[in-house]
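Open the model in your viewer with the cartoon shown and side chains ready to switch on. The stops below say what to select and what is there.

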Amino acid sequence: MRTVYFGIFVHCLALADIQVLPSAAVGVDEDGTIEFLDQNARSAEASAEKHSWPVGSYSVVSSDPTSASFFFPGFFDTHIHASQYPNVGLFGKTTLLDWLNSYTFPLESSFSDLKVADDVYSRVIARTLGNGTTTAAYYATVHTAGTNLLADLALKAGQRAFIGRCCMDANSPDYYCDKDLEDAQKATLEVIEHITKIDPDHDIVCPILTPRFAASCSKELLSWLGKLSTDTNLPVQTHISENMLEVELVKSMHTFADSYAGVYDKCGLLHDKTILAHAVHLTDDERALIAKRGSGIAHCPASNSALTSGETRVKWLLDAGVKVGLGTDVSGGFTPSILHTARQALLVSRHLSMKGDESHKLSIEEVLYLATVGGAEVCGLADKLGNFLPGKKWDAQLITLDCKNSPVDIFPWELKTHEDLVAKWLFNGDDRNVTKVWVDGKLVAGTAFTS
């Protein structure tokens, strides 16, 4: 049945342009596609009549006019390791490379046990959806069966997901790696086949080619994945320039290229469907190359702070035309919440600006753009997701700031505008404020959701 959503709407139209519509109506058809947006609506019924929707042919969902609630687009998590969820908050004093060996690889190796995989993947999907993440770019593990299970669970839960089996045939523990190039190829193709079988058009779950990072893959594996991406038009996700020791390791290992980005480029992995996580230590030439190829960056501020990797210069990237979204990077990142990640992105940008260059500073409007439209651009979905413009899909969340047990205290005499509510939500809100979550027009999560 068609649905008219009525009430306060907040969405981003451009990087620094957040639009607040105090009384609007959005009409969503049976396929979950937005058919109309009335920016000044008297009622849901009046808007339906205006667009020739007969009485009885639609249902109505309204934000409570007496409460501090509004509709907001679903979040994008452009970089999250689903298998690492049990380790959130566990990193001690480690940095990237020793953290991988001390915490990450031992945990991921246990996913040969499907009971472990089912428990963890079910929880991380529920947790991310509950935090308003309607689209996630997931890294699984090297295990084929476990990766396929992650795809099954995401599809069942109704979360849009890119599902990647980690490819790693070099600089990896003997107990946790691809045995050889042929083993990596076979497992990768099996995952693609499974996901295409359960979702032939990749509308909800889509395979994504996942060389873990350049130092964990041979040139032969990287090149094979690059050719596979060209032949199949499948997206790619990997890491780049997260940590200086990692950058030096890649430089010493892959001498055929003159930079980290150059390694991916020479192997055919740098294109407009590539998601590169971190990009903390890029050079000017690498930034120019990434912009030229149309690749996107998953900015992971919580992880980069936790592992003392550095501070990504987001404005520097955006100024060069590079697409940027946000990633929680669980479990280097300590939270599966994109709202919290947006908060961290804003604060990290301020730390950069404290070094003397105010141009690095990100605003509330800008980090919420990165969490929605920016993420859609990075994931190659900007034509169908990211805001409430007609023709896009209804992937949305209903935010209620004065709900029971809300972490946000609202003082009506203090707040002057709806923009004030949005600011309070960004800095104080969490999953308790996410009342309902829709993906493709279907209600899938939220505090008011019962399966």
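Start by selecting I240 and H278: H278, in β13, is the bridge partner of I240. This is a predicted model, so treat each stop as a description of a prediction.

**The sheet around I240**

Widen the selection to β12 and to strand β13, residues 274-278; the two pair in the parallel sense over five bridges. Now add β14 and β15 to see an open sheet of four strands, in the order β12-β13-β14-β15, with parallel pairing. The edge strands are β12 (236-240) and β15 (323-326), and each of these pairs on one side only. Look along the sheet for the twist, which averages 30 degrees from one strand to the next.

**A second sheet**

Select β6, β7, β8 and β10. They form an open sheet of four strands, again with parallel pairing, in the order β6-β7-β8-β10. At the edges stand β6 (75-81) and β10 (205-207); each has a single partner strand, so one side of each is left without a neighbour in the sheet. On average, neighbouring strands here are turned by 15 degrees against each other, direction ignored.

Zoom in on strand β8, residues 160-164, which runs parallel to β10 and is joined to it by three bridges. To find the pairing register, pick A161, which stands opposite V205 in β10. Then show helix α3 (residues 114-130), which packs on the sheet and touches β6 and β7 (133-139). The direction of α3 makes about 145 degrees with that of β7.

**Two helix pairs**

Two packed helices are described by the angle between their axes and the distance between the axes.

Select helix α5 (residues 181-198) and helix α6 (residues 219-232). Their axes come within 10 Å and cross at roughly 30 degrees. Angles under 35 degrees count as roughly parallel, and α5 and α6 are therefore roughly parallel to each other. Their crossing is right-handed. Switch on the side chains at the contact: from α5, L181, A184, Q185, T188, L189 and I192; from α6, E220, L221, W224, L225 and L228. What classes of residue make up the contact of α5 with α6? Eight are nonpolar, two polar and one charged.

Move on to helix α12 (residues 338-353) and helix α13 (residues 364-378), which pack at an angle of about 135 degrees with their axes 9 Å apart. That angle makes α12 oblique to α13. The crossing in which α12 passes α13 is right-handed. Show I338, A342, A345 and L346 of α12 together with I364, V367 and A371 of α13, which make the contact. By class, the contact of α12 with α13 has seven nonpolar residues, no polar and no charged ones.

**An aromatic pair**

How many aromatic pairs does the structure hold? There are 20. For one of them, select F105 and Y176 and display the rings: their centres are 5.9 Å apart and their planes lie at 45 degrees, so the pair is tilted. Colour the chain by residue number and you will see that the pair links distant parts of the chain, 71 residues apart. F105 is in helix α2 (residues 96-109), while Y176 is in the loop between β9 (166-167) and α5.

How values were computed. Residues are numbered from 1 along each chain as its sequence is written. This is a predicted model: local features need pLDDT of at least 70, side-chain atom pairs count only at pLDDT 80 or more; totals for chains, interfaces and linings use all residues. Side-chain values use heavy atoms; hydrogens and water are left out. Two strands pair if DSSP finds at least two bridges between them. Axes are lines fitted to C-alpha atoms, for helices over the stretch in contact, and angles run from 0 to 180 degrees between N-to-C directions. Contact means heavy atoms within 4.5 Å. Angles under 35 degrees count as roughly parallel, over 145 as roughly antiparallel, 65 to 115 as roughly perpendicular and the rest as oblique. A crossing is left-handed if the near helix is turned anticlockwise from the far one by less than a right angle, and right-handed if clockwise. Ala, Val, Leu, Ile, Met, Phe, Trp, Tyr, Cys and Pro count as nonpolar, Asp, Glu, Lys and Arg as charged, and the others, Gly among them, as polar. Rings of Phe, Tyr and Trp (its six-membered ring) pair if their centres lie within 6.5 Å; planes under 30 degrees apart count as stacked, over 60 as edge-to-face and the rest as tilted.
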